[in-house]
Amino acid sequence: MLQDVKTAAVSKESRNQHDYHILRKYEVLQCGPVEKLIKKREHAEETPMYFVTIEETFDVLRASHIATGHGGRDRMMKEIKKKYANISVQAIELFKSLCLECQKKRTRPKTTGVVVRPILTKDFSCRGQVDLVDMQSMSCNGYKII
Ligand SMILES: [Zn+2]
């Protein structure tokens, strides 16, 4: 696509409908030695919106997921929309669903329902609880339990 845009830009006399279409939609941004395909800007000072290749998509998704603190779909989308033009909601959802950290968080064991039979009391401080430490193997003056 990048090559198509460059070719269409230089072929001023022989442009076809496709050339006009891609020139309305895309722009090539020179970043040092690297050429990047970006969304056509109205003004040169507009923030460039990058089109990422399929190979770059994973890294962009991961960076946005980490930057948002393992953020969900909407937070990732907001982050990605600042800079990238062609990352779909489906890709974000897929990435999020496969993140191991997020899966760990989601499958945390439930702590509710552990108390099978609660101990009921009628008054404040009418019950106590003592932990016993068995010291039989190191008894002291006949005392064997703390
Ligand atoms: Zn995550």
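This passage describes the nonpolar cores, a surface patch and the cysteines of a predicted model. Local features need pLDDT of at least 70 and side-chain atom pairs pLDDT 80 or more, while totals for chains, interfaces and linings use all residues. Residues are numbered from 1 along each chain as its sequence is written, and side-chain values use heavy atoms, without hydrogens and water.

The largest nonpolar core has 13 residues. A core is a set of buried Ala, Val, Leu, Ile, Met, Phe, Trp, Tyr and Cys residues joined through side-chain atoms within 4.5 Å. Buried means under 20% relative accessible area, exposed over 50%, and partly exposed in between (1.4 Å probe, protein chains only). V60, L61, I80, Y84, I87 and I92 have the most contacts inside this core. At least two residues come from each of α3 (54-67), α4 (73-81) and α5 (89-98); helices are DSSP runs of H or I, at least four residues, numbered from the N terminus. The top contributor is α4, with 3 residues. Another core, of 7 residues, lies apart and includes V5, A8, L23 and L37.

Beyond four places in sequence, I80 contacts V60, L61, S64, I87 and I92 (heavy atoms within 4.5 Å).

At the surface, V130, L132 and I145 make a nonpolar patch of about 350 Å². Patch residues have over 30% relative accessible area and no salt bridge, with nonpolar side chains (Val, Leu, Ile, Met, Phe, Trp, Tyr) joined within 5 Å and like charges within 9 Å. A salt bridge places a side-chain nitrogen of Lys or Arg within 4 Å of a carboxyl oxygen of Asp or Glu. Areas come from the Shrake-Rupley method with a 1.4 Å probe; for residues, only the protein chains shown count as cover. L132 counts as exposed because its relative accessibility is 65%.

The whole structure holds 0 disulfides (pairs of cysteine sulfur atoms within 2.5 Å). C99 is buried, at 12% relative accessibility. C140 is partly exposed, at 49%.
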